[in-house]
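Please keep the model open beside you while you read this short report. It is meant as a guided walk, with a pause at each place worth turning the view.

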Amino acid sequence: MKKSLHTILSLLMISVIILITASCNNDTKTESDSPANINIDKFSSEEVLCINSSELNVQNDTDSFKAFLNKGGILLVYNDAAISNSLGKNLNMQVQAGWSETDIAAIYYYYGNNLSGTYIINAHNNISSSEQERLIKKALDEVGAIQSTGKYYLADISDIALGNLIISSASYPEGTLTAKYEFFTAQNHFEKDYYTVKTTVTGNSGSVLASSNSDYESKYRGVSQNTTIKAISSSVLLDAYGPQTTDDNENYHVSIFDTLYETDKEVLKAEFNYSKPLPNATIEANCTRNEAIWNVSLEKEARNDTYVFVPAVTFSCPESKSSVDINLSSSYTVDSWNTLKKTISSNRDVTLNPVKQ
(Lines give C-alpha, C1' and ligand atoms only; values in the text may rest on other atoms or scores of the structure.)
Protein backbone atom coordinates (compact mmCIF):
# COMPACT_ATOMS: atom_id res chain seq x y z
CA MET A 1 0.00 0.00 0.00
CA LYS A 2 2.82 2.40 0.91
CA LYS A 3 4.57 1.54 -2.32
CA SER A 4 1.40 2.19 -4.35
CA LEU A 5 0.83 5.49 -2.56
CA HIS A 6 4.44 6.51 -3.25
CA THR A 7 4.00 5.67 -6.92
CA ILE A 8 0.80 7.73 -7.16
CA LEU A 9 2.46 10.71 -5.46
CA SER A 10 5.44 10.46 -7.83
CA LEU A 11 3.15 10.46 -10.85
CA LEU A 12 1.28 13.47 -9.50
CA MET A 13 4.54 15.36 -8.98
CA ILE A 14 5.64 14.59 -12.54
CA SER A 15 2.28 15.84 -13.86
CA VAL A 16 2.61 19.06 -11.89
CA ILE A 17 6.13 19.62 -13.23
CA ILE A 18 4.93 19.08 -16.79
CA LEU A 19 2.07 21.53 -16.32
CA ILE A 20 4.34 24.15 -14.79
CA THR A 21 6.88 23.73 -17.60
CA ALA A 22 4.19 24.06 -20.25
CA SER A 23 2.81 27.12 -18.52
CA CYS A 24 6.27 28.73 -18.38
CA ASN A 25 6.90 27.95 -22.03
CA ASN A 26 3.59 29.51 -22.94
CA ASP A 27 4.29 32.60 -20.86
CA THR A 28 7.68 33.15 -22.50
CA LYS A 29 6.49 32.69 -26.04
CA THR A 30 7.70 35.54 -28.23
CA GLU A 31 6.09 37.40 -31.10
CA SER A 32 8.33 35.61 -33.56
CA ASP A 33 6.71 32.24 -32.77
CA SER A 34 3.67 33.10 -34.86
CA PRO A 35 2.99 35.16 -38.00
CA ALA A 36 2.77 38.85 -37.22
CA ASN A 37 0.58 41.44 -38.89
CA ILE A 38 1.73 45.03 -38.71
CA ASN A 39 0.03 48.38 -39.08
CA ILE A 40 1.31 49.49 -42.49
CA ASP A 41 -0.48 52.83 -42.23
CA LYS A 42 2.54 54.15 -40.30
CA PHE A 43 4.56 53.99 -43.54
CA SER A 44 1.97 55.89 -45.61
CA SER A 45 2.77 59.41 -46.80
CA GLU A 46 2.46 61.52 -49.93
CA GLU A 47 5.42 59.58 -51.33
CA VAL A 48 4.51 56.07 -50.09
CA LEU A 49 1.24 54.30 -50.89
CA CYS A 50 0.64 51.25 -48.68
CA ILE A 51 -1.78 48.40 -49.35
CA ASN A 52 -2.31 44.89 -47.93
CA SER A 53 -2.09 42.05 -50.40
CA SER A 54 -5.53 40.87 -49.24
CA GLU A 55 -6.95 44.17 -50.50
CA LEU A 56 -5.08 44.12 -53.80
CA ASN A 57 -7.17 44.03 -56.96
CA VAL A 58 -4.55 43.95 -59.68
CA GLN A 59 -6.92 44.40 -62.59
CA ASN A 60 -8.79 47.36 -61.11
CA ASP A 61 -5.88 49.10 -59.39
CA THR A 62 -3.15 48.90 -62.04
CA ASP A 63 -3.89 52.22 -63.77
CA SER A 64 -3.96 54.18 -60.51
CA PHE A 65 -0.74 52.48 -59.38
CA LYS A 66 0.98 53.41 -62.66
CA ALA A 67 -0.09 57.03 -62.30
CA PHE A 68 1.23 57.14 -58.73
CA LEU A 69 4.58 55.59 -59.71
CA ASN A 70 4.96 57.95 -62.66
CA LYS A 71 4.77 60.86 -60.21
CA GLY A 72 7.72 59.45 -58.26
CA GLY A 73 5.64 57.58 -55.69
CA ILE A 74 6.62 54.36 -53.94
CA LEU A 75 4.13 51.48 -53.74
CA LEU A 76 4.42 49.15 -50.72
CA VAL A 77 2.43 45.91 -50.84
CA TYR A 78 2.41 44.10 -47.47
CA ASN A 79 1.84 40.34 -47.66
CA ASP A 80 -0.79 39.91 -44.96
CA ALA A 81 -2.48 36.99 -46.72
CA ALA A 82 0.63 34.88 -47.49
CA ILE A 83 -0.09 34.86 -51.22
CA SER A 84 2.02 35.22 -54.36
CA ASN A 85 1.81 38.36 -56.45
CA SER A 86 2.31 39.24 -60.13
CA LEU A 87 1.81 42.99 -59.83
CA GLY A 88 5.15 43.76 -61.50
CA LYS A 89 4.01 41.99 -64.64
CA ASN A 90 0.68 43.80 -64.67
CA LEU A 91 2.48 47.13 -64.24
CA ASN A 92 4.52 46.18 -67.35
CA MET A 93 7.78 47.04 -65.62
CA GLN A 94 10.95 46.54 -67.62
CA VAL A 95 12.22 44.17 -64.91
CA GLN A 96 9.37 41.89 -63.88
CA ALA A 97 9.74 39.65 -60.84
CA GLY A 98 7.02 37.86 -58.92
CA TRP A 99 7.12 37.40 -55.17
CA SER A 100 6.39 34.33 -53.08
CA GLU A 101 4.17 33.36 -50.18
CA THR A 102 7.07 33.67 -47.74
CA ASP A 103 7.78 37.31 -48.64
CA ILE A 104 6.93 39.99 -46.10
CA ALA A 105 6.41 42.80 -48.60
CA ALA A 106 7.28 44.06 -52.06
CA ILE A 107 8.11 47.66 -52.94
CA TYR A 108 7.67 49.05 -56.48
CA TYR A 109 9.12 52.33 -57.74
CA TYR A 110 10.58 54.22 -60.71
CA TYR A 111 13.88 56.07 -60.72
CA GLY A 112 16.18 57.87 -63.13
CA ASN A 113 14.97 57.94 -66.73
CA ASN A 114 11.79 55.86 -66.24
CA LEU A 115 13.71 52.88 -64.93
CA SER A 116 11.73 50.42 -62.80
CA GLY A 117 12.76 48.91 -59.50
CA THR A 118 11.42 46.23 -57.17
CA TYR A 119 12.56 45.57 -53.59
CA ILE A 120 11.39 42.25 -52.10
CA ILE A 121 11.69 41.56 -48.37
CA ASN A 122 11.75 37.90 -47.36
CA ALA A 123 12.08 36.08 -44.03
CA HIS A 124 13.08 32.42 -43.76
CA ASN A 125 11.12 32.12 -40.52
CA ASN A 126 8.35 33.96 -38.70
CA ILE A 127 9.54 37.24 -37.24
CA SER A 128 8.05 39.80 -34.89
CA SER A 129 6.08 42.86 -35.95
CA SER A 130 8.88 45.14 -34.80
CA GLU A 131 11.43 43.29 -36.95
CA GLN A 132 9.12 43.38 -39.97
CA GLU A 133 8.77 47.12 -39.50
CA ARG A 134 12.54 47.52 -39.19
CA LEU A 135 13.16 45.61 -42.44
CA ILE A 136 10.46 47.57 -44.29
CA LYS A 137 11.81 50.91 -43.07
CA LYS A 138 15.34 49.96 -44.14
CA ALA A 139 14.05 49.01 -47.60
CA LEU A 140 12.05 52.24 -47.98
CA ASP A 141 15.11 54.29 -46.98
CA GLU A 142 17.22 52.54 -49.60
CA VAL A 143 14.59 52.99 -52.29
CA GLY A 144 14.33 56.68 -51.40
CA ALA A 145 18.10 57.03 -51.80
CA ILE A 146 17.97 55.36 -55.22
CA GLN A 147 15.23 57.74 -56.36
CA SER A 148 16.98 60.84 -55.02
CA THR A 149 20.18 60.11 -56.95
CA GLY A 150 18.38 58.99 -60.09
CA LYS A 151 20.76 56.09 -60.52
CA TYR A 152 21.87 52.89 -58.86
CA TYR A 153 25.26 51.37 -59.64
CA LEU A 154 26.38 52.78 -62.96
CA ALA A 155 26.16 56.49 -63.55
CA ASP A 156 26.60 57.15 -67.25
CA ILE A 157 24.82 54.44 -69.20
CA SER A 158 21.14 55.13 -68.58
CA ASP A 159 20.48 54.66 -72.30
CA ILE A 160 21.08 50.89 -71.92
CA ALA A 161 19.88 50.41 -68.32
CA LEU A 162 16.67 48.43 -67.73
CA GLY A 163 16.16 48.71 -63.97
CA ASN A 164 16.96 46.83 -60.78
CA LEU A 165 15.74 44.15 -58.40
CA ILE A 166 16.71 43.84 -54.73
CA ILE A 167 15.92 40.77 -52.63
CA SER A 168 16.68 40.77 -48.92
CA SER A 169 16.41 37.53 -46.95
CA ALA A 170 16.56 37.36 -43.15
CA SER A 171 16.97 34.22 -41.07
CA TYR A 172 16.88 34.57 -37.30
CA PRO A 173 19.19 34.14 -35.41
CA GLU A 174 21.74 33.15 -38.07
CA GLY A 175 22.11 36.14 -40.44
CA THR A 176 20.97 37.92 -43.59
CA LEU A 177 21.56 37.83 -47.34
CA THR A 178 20.87 40.72 -49.75
CA ALA A 179 21.15 40.28 -53.51
CA LYS A 180 21.01 43.46 -55.61
CA TYR A 181 20.66 43.02 -59.36
CA GLU A 182 21.06 45.73 -61.98
CA PHE A 183 20.08 44.97 -65.57
CA PHE A 184 21.33 46.46 -68.86
CA THR A 185 20.78 45.78 -72.53
CA ALA A 186 22.33 46.65 -75.87
CA GLN A 187 19.89 46.06 -78.69
CA ASN A 188 20.35 45.25 -82.38
CA HIS A 189 24.12 44.82 -82.64
CA PHE A 190 25.01 42.68 -85.66
CA GLU A 191 21.58 40.99 -85.48
CA LYS A 192 21.94 40.22 -81.77
CA ASP A 193 20.72 41.64 -78.47
CA TYR A 194 22.85 41.62 -75.32
CA TYR A 195 21.70 41.54 -71.68
CA THR A 196 23.99 42.15 -68.73
CA VAL A 197 23.23 41.35 -65.08
CA LYS A 198 25.49 42.95 -62.48
CA THR A 199 25.00 41.52 -58.99
CA THR A 200 26.04 42.74 -55.56
CA VAL A 201 25.69 39.99 -52.96
CA THR A 202 26.03 40.95 -49.29
CA GLY A 203 26.08 38.38 -46.49
CA ASN A 204 25.97 39.27 -42.80
CA SER A 205 26.29 36.45 -40.30
CA GLY A 206 25.10 36.54 -36.71
CA SER A 207 28.65 37.35 -35.58
CA VAL A 208 28.42 40.61 -37.56
CA LEU A 209 24.84 41.54 -36.65
CA ALA A 210 24.59 40.52 -33.00
CA SER A 211 26.23 43.67 -31.60
CA SER A 212 23.56 45.91 -33.15
CA ASN A 213 20.53 43.57 -33.20
CA SER A 214 19.60 41.24 -30.35
CA ASP A 215 17.66 38.92 -32.69
CA TYR A 216 20.94 37.50 -34.00
CA GLU A 217 23.51 35.29 -32.25
CA SER A 218 27.23 35.98 -32.40
CA LYS A 219 28.16 32.29 -32.59
CA TYR A 220 27.17 32.10 -36.29
CA ARG A 221 29.94 32.67 -38.85
CA GLY A 222 29.97 32.71 -42.65
CA VAL A 223 31.12 29.55 -44.42
CA SER A 224 30.40 29.93 -48.14
CA GLN A 225 28.34 31.74 -50.75
CA ASN A 226 26.87 30.64 -54.07
CA THR A 227 25.58 32.80 -56.94
CA THR A 228 24.00 31.45 -60.12
CA ILE A 229 22.67 33.48 -63.05
CA LYS A 230 20.96 31.38 -65.69
CA ALA A 231 19.10 32.20 -68.91
CA ILE A 232 15.94 30.11 -69.13
CA SER A 233 14.61 31.47 -72.43
CA SER A 234 15.48 29.40 -75.48
CA SER A 235 18.36 30.53 -77.74
CA VAL A 236 19.78 32.82 -75.03
CA LEU A 237 23.46 31.98 -74.56
CA LEU A 238 26.20 33.00 -72.16
CA ASP A 239 28.46 35.55 -73.87
CA ALA A 240 30.86 36.54 -71.05
CA TYR A 241 31.10 36.33 -67.27
CA GLY A 242 33.35 37.37 -64.42
CA PRO A 243 35.15 36.99 -62.20
CA GLN A 244 36.72 33.66 -63.01
CA THR A 245 39.38 33.59 -60.30
CA THR A 246 41.38 35.74 -57.88
CA ASP A 247 44.94 36.99 -58.39
CA ASP A 248 47.92 36.67 -56.06
CA ASN A 249 46.79 39.76 -54.12
CA GLU A 250 43.33 38.29 -53.41
CA ASN A 251 41.58 40.59 -55.91
CA TYR A 252 39.12 39.51 -58.57
CA HIS A 253 38.53 41.16 -61.93
CA VAL A 254 35.44 41.48 -64.12
CA SER A 255 35.61 42.32 -67.81
CA ILE A 256 32.53 41.71 -69.92
CA PHE A 257 30.77 42.99 -73.05
CA ASP A 258 33.93 42.14 -75.00
CA THR A 259 31.76 41.30 -77.99
CA LEU A 260 30.68 44.92 -78.30
CA TYR A 261 34.13 46.44 -78.42
CA GLU A 262 33.83 46.91 -82.18
CA THR A 263 30.71 49.08 -81.87
CA ASP A 264 30.36 52.75 -81.01
CA LYS A 265 29.24 51.91 -77.46
CA GLU A 266 32.61 52.85 -76.00
CA VAL A 267 31.04 53.46 -72.59
CA LEU A 268 30.45 49.73 -72.21
CA LYS A 269 34.18 49.05 -72.30
CA ALA A 270 34.87 51.29 -69.32
CA GLU A 271 31.84 50.73 -67.16
CA PHE A 272 31.94 46.91 -67.13
CA ASN A 273 35.59 46.52 -66.25
CA TYR A 274 36.32 46.60 -62.52
CA SER A 275 38.38 44.96 -59.79
CA LYS A 276 37.39 44.17 -56.21
CA PRO A 277 39.24 42.73 -53.20
CA LEU A 278 38.05 39.47 -51.66
CA PRO A 279 40.55 38.55 -48.92
CA ASN A 280 40.51 35.16 -47.21
CA ALA A 281 38.20 33.65 -49.82
CA THR A 282 38.50 31.20 -52.68
CA ILE A 283 36.42 31.59 -55.85
CA GLU A 284 35.41 28.59 -57.93
CA ALA A 285 33.71 29.78 -61.14
CA ASN A 286 32.02 27.54 -63.69
CA CYS A 287 29.83 28.09 -66.72
CA THR A 288 27.67 26.25 -69.22
CA ARG A 289 26.12 27.40 -72.48
CA ASN A 290 23.47 29.41 -70.63
CA GLU A 291 24.58 29.98 -67.01
CA ALA A 292 27.40 31.19 -64.78
CA ILE A 293 28.00 29.74 -61.31
CA TRP A 294 30.23 31.10 -58.55
CA ASN A 295 31.05 29.14 -55.39
CA VAL A 296 33.01 31.13 -52.83
CA SER A 297 34.59 29.54 -49.73
CA LEU A 298 35.25 31.85 -46.77
CA GLU A 299 38.23 31.44 -44.49
CA LYS A 300 39.82 33.06 -41.42
CA GLU A 301 38.70 36.67 -40.82
CA ALA A 302 36.28 36.57 -43.75
CA ARG A 303 34.02 34.26 -41.75
CA ASN A 304 33.36 36.99 -39.17
CA ASP A 305 33.13 39.95 -41.57
CA THR A 306 30.45 41.35 -43.85
CA TYR A 307 30.79 39.47 -47.14
CA VAL A 308 30.43 41.42 -50.43
CA PHE A 309 30.78 39.86 -53.89
CA VAL A 310 30.08 41.62 -57.21
CA PRO A 311 29.94 39.25 -60.21
CA ALA A 312 28.45 40.01 -63.62
CA VAL A 313 27.34 38.16 -66.71
CA THR A 314 26.31 38.97 -70.28
CA PHE A 315 23.93 36.91 -72.42
CA SER A 316 23.34 37.19 -76.15
CA CYS A 317 20.30 36.22 -78.21
CA PRO A 318 18.75 36.87 -81.64
CA GLU A 319 17.41 40.43 -81.95
CA SER A 320 13.93 39.06 -82.73
CA LYS A 321 13.27 38.31 -79.05
CA SER A 322 10.93 40.79 -77.37
CA SER A 323 11.90 39.71 -73.84
CA VAL A 324 14.24 37.36 -71.97
CA ASP A 325 13.65 35.21 -68.88
CA ILE A 326 16.49 34.73 -66.40
CA ASN A 327 16.77 32.79 -63.14
CA LEU A 328 18.63 34.47 -60.27
CA SER A 329 19.81 32.30 -57.39
CA SER A 330 21.95 33.26 -54.42
CA SER A 331 22.74 31.62 -51.09
CA TYR A 332 24.86 32.32 -48.01
CA THR A 333 25.78 29.49 -45.62
CA VAL A 334 26.69 29.98 -41.96
CA ASP A 335 27.49 27.62 -39.10
CA SER A 336 28.38 27.64 -35.42
CA TRP A 337 30.30 25.48 -32.97
CA ASN A 338 27.20 23.59 -31.78
CA THR A 339 24.72 23.67 -34.67
CA LEU A 340 24.37 22.33 -38.19
CA LYS A 341 25.01 24.59 -41.16
CA LYS A 342 22.21 26.97 -42.12
CA THR A 343 21.73 28.30 -45.66
CA ILE A 344 19.98 31.63 -46.30
CA SER A 345 18.86 31.81 -49.92
CA SER A 346 16.81 33.55 -52.59
CA ASN A 347 15.64 32.25 -55.95
CA ARG A 348 13.62 34.23 -58.54
CA ASP A 349 12.70 34.12 -62.19
CA VAL A 350 12.68 37.55 -63.83
CA THR A 351 11.52 38.77 -67.22
CA LEU A 352 13.56 41.51 -68.87
CA ASN A 353 11.39 43.58 -71.17
CA PRO A 354 13.40 46.29 -72.98
CA VAL A 355 10.34 48.06 -74.38
CA LYS A 356 10.20 51.62 -73.01
CA GLN A 357 7.12 52.71 -71.08
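What follows goes through strand pairing, the core, one helix and a few backbone details. The model is a predicted one.

**Strands that pair**

A good place to begin is strand β18, residues 339-352, which has two partners described here. Strand β17 (residues 324-336) pairs with β18 in the antiparallel sense, over twelve bridges. These two strands make a hairpin, with two residues between them. To find the register, look for Thr-333, which stands opposite Thr-343 in β18.

The other partner is strand β3, residues 95-97, which runs antiparallel to β18 and is joined to it by three bridges. Here the pair to look for is Ala-97, standing opposite Val-350 in β18. As you follow any of these strands, it helps to recall that side chains in a regular strand alternate between the two faces of the sheet.

**The nonpolar core**

Which residues have the most contacts inside the largest nonpolar core? They are Ile-107, Tyr-108, Ile-136, Leu-165 and Phe-183, in a core of 94 residues. Strand β4 (residues 103-111) supplies the largest share of this core, with eight residues.

Leu-165 is a handy point from which to look around. Beyond its neighbours within four places in sequence, Leu-165 is in contact with ten residues' worth of surroundings that include Val-95, Ala-97 and Val-350. Also among its contacts are Thr-118, Ile-120, Lys-180, Phe-183 and Leu-328. Ala-97 and Val-350 are the residues that stand opposite each other between β3 and β18, so to speak a familiar pair.**Helix α4**

Helix α4 covers residues 129-149, and its 21 residues should span 30 Å at 1.5 Å a residue; the end C-alpha atoms are 31 Å apart, which agrees with that expectation. Among the buried residues of α4 are Leu-135, Ile-136, Ala-139, Leu-140, Val-143 and Ile-146. Ile-136 is also one of the residues with the most contacts inside the core. The buried residues of α4 pack against β1 (48-52), β2 (74-78), β4, β5 (115-123), β6 and β7.

The buried set of α4 includes polar residues too, such as Glu-142. Where does the side chain of Glu-142 make a polar contact? Its partner is the side chain of Lys-180, at 2.7 Å. Lys-180 lies in strand β7. Lys-180 counts as buried because its relative accessible area is 19%, with the cut-off at under 20%.

**Backbone details in the loops**

Most residues other than glycine have a negative phi, and most peptide bonds are trans. The places below depart from that pattern, and each can be found in a loop.

| Site | Backbone value | Loop |
|---|---|---|
| Tyr-172 to Pro-173 | cis, omega near 10 degrees | Pro-173 between β6 (161-171) and β7 (175-189) |
| Gly-242 to Pro-243 | cis, omega near 5 degrees | Pro-243 between β10 (237-242) and β11 (251-255) |
| Asn-280 | phi near 55 degrees | between β12 (273-277) and β13 (281-287) |
| Lys-300 | phi about 45 degrees | between β14 (291-298) and β15 (307-309) |

Are the two residues with positive phi, Asn-280 and Lys-300, buried or exposed? Asn-280 is buried, because its relative accessible area is 19%. Lys-300 is exposed, with a relative accessible area of 61%.

How values were computed
Residues are numbered from 1 along each chain as its sequence is written. This is a predicted model: local features need pLDDT of at least 70, side-chain atom pairs count only at pLDDT 80 or more; totals for chains, interfaces and linings use all residues. Side-chain values use heavy atoms; hydrogens and water are left out. Two strands pair if DSSP finds at least two bridges between them. Helices (H or I, at least four residues) and strands (E, at least two) are DSSP runs, numbered from the N terminus. A nonpolar core is a set of buried Ala, Val, Leu, Ile, Met, Phe, Trp, Tyr and Cys residues joined through side-chain atoms within 4.5 Å. Buried means under 20% relative accessible area, exposed over 50%, partly exposed in between (1.4 Å probe, protein chains only). Contact means heavy atoms within 4.5 Å. The expected span of a helix is 1.5 Å times one less than its number of residues. A polar contact is a pair of N or O atoms within 3.5 Å; within protein, one must be able to donate a hydrogen and the other to accept it, and residues adjacent in sequence count only if both atoms are side-chain atoms.
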